[in-house]
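Q: Please show me how to read the pockets of a protein model. Let us take one structure as the case.

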Amino acid sequence: MIKKRLVARLAVYVLGLLVLAFGVAFAINSNLGISPVNALPFAVHLASGASMGLCTTAFLLLCIIFQIVLLRREFNWINLTQIIFSFIFGYFIEFAIFIVGDFTLAAYAGYFGQLIMLLISIALIACGLALYLEARLVSLPPEGVVLAITRKIIGGKFHVVKVITDSAFVVLALVVMLIFLGAIQGVREGTVLSALLIGRAIPPAKNAISFILRKAGFYGV
């Protein structure tokens, strides 16, 4: 029974990563700005020409290294499984970008279509995060960074540190773009909207997903 529940949780977690990846793909195609946590890998992607999936994986691995350096002996080594999920997520982003292709509603509805694409992205990211939170396994590396900073440096509330770290990721992304591209790309009003709306969308998404999973008898936790 325990093994069955673990497999079910892993399935929900991986599904969450896949949904998250499609959220990233829709955000990119909206051309209104990517979410704060994906801003830095997107900037490196534009500056280096490397694939978005590879840049995201590298970013996640750096987040894990930061946790180890900051927490040292307090680092829970089970969190090294984040490495596996980082590579899976990077692959999923490549897959999602391939599937979505160059699809955009802007071709049919202009700026309004871009907004719809962005809202779809926000909904997908919120649902993806809700799924992986519902699985109650390891945190994704960026959230692991927030937890590490909360514990070791600031000692404040998670949501406060989350805003600070997301802002730091965006600032770093802007620096990378200005240095290597000489212009700002991918950080627009959509980035701000994502920062404001994703967090608020997670609780209702989590409630709905939890209800659906339990009604379907997918796993009993």
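**Reading the pockets**

A: Start with one element: in this predicted model, α3 is the top contributor to the lining of the second largest pocket, giving six residues.

Q: How is empty space found, and how much space lies in the second largest pocket?
A: Rolling a probe the size of a water molecule over the atoms shows where empty space is left. Here, the second largest pocket holds about 280 Å³ of space. Its lining has 15 residues, and Leu40, Phe59, Cys63, Phe169 and Leu172 are the closest to its centre.

Q: Which elements give two or more residues to the lining of the second largest pocket?
A: They are α2, α3, α6 and α7.

Q: How does the lining of the second largest pocket divide into nonpolar, polar and charged residues?
A: Count 14 nonpolar residues, one polar and no charged.

Q: How much space lies in the largest pocket?
A: The largest pocket has about 790 Å³. Its lining takes in 39 residues. Nearest its centre lie Leu129, Glu143, Lys162, Asp166 and Ile198.

Q: Which element supplies the largest share of the lining of the largest pocket?
A: α8 does, with nine residues. At least two residues each come from α1 (2-30), α2 (36-48), α3 (52-71), α5 (106-135), α6 (141-154), α7 (158-180) and α8 (189-215).

Q: What is the lining of the largest pocket by class?
A: There are 25 nonpolar residues, nine polar and five charged. Set that beside the lining of the second largest pocket, with no charged residues.

Terms used:
Residues numbered from 1 in each chain as written. Predicted model: local features only at pLDDT ≥ 70, side-chain atom pairs only at ≥ 80, totals over all residues. Heavy atoms only, no water. 1 Å grid on protein atoms, 1.4 Å probe; cavity = no way out; pocket = protein on both sides within 12 Å on 5 of 7 lines; lining within 4 Å. Points joined across faces, edges and corners; volume = space filled by probe spheres on them. Helix = DSSP H or I, 4+ residues; strand = E, 2+ residues; numbered from the N terminus. Nonpolar A, V, L, I, M, F, W, Y, C, P; charged D, E, K, R; others polar.
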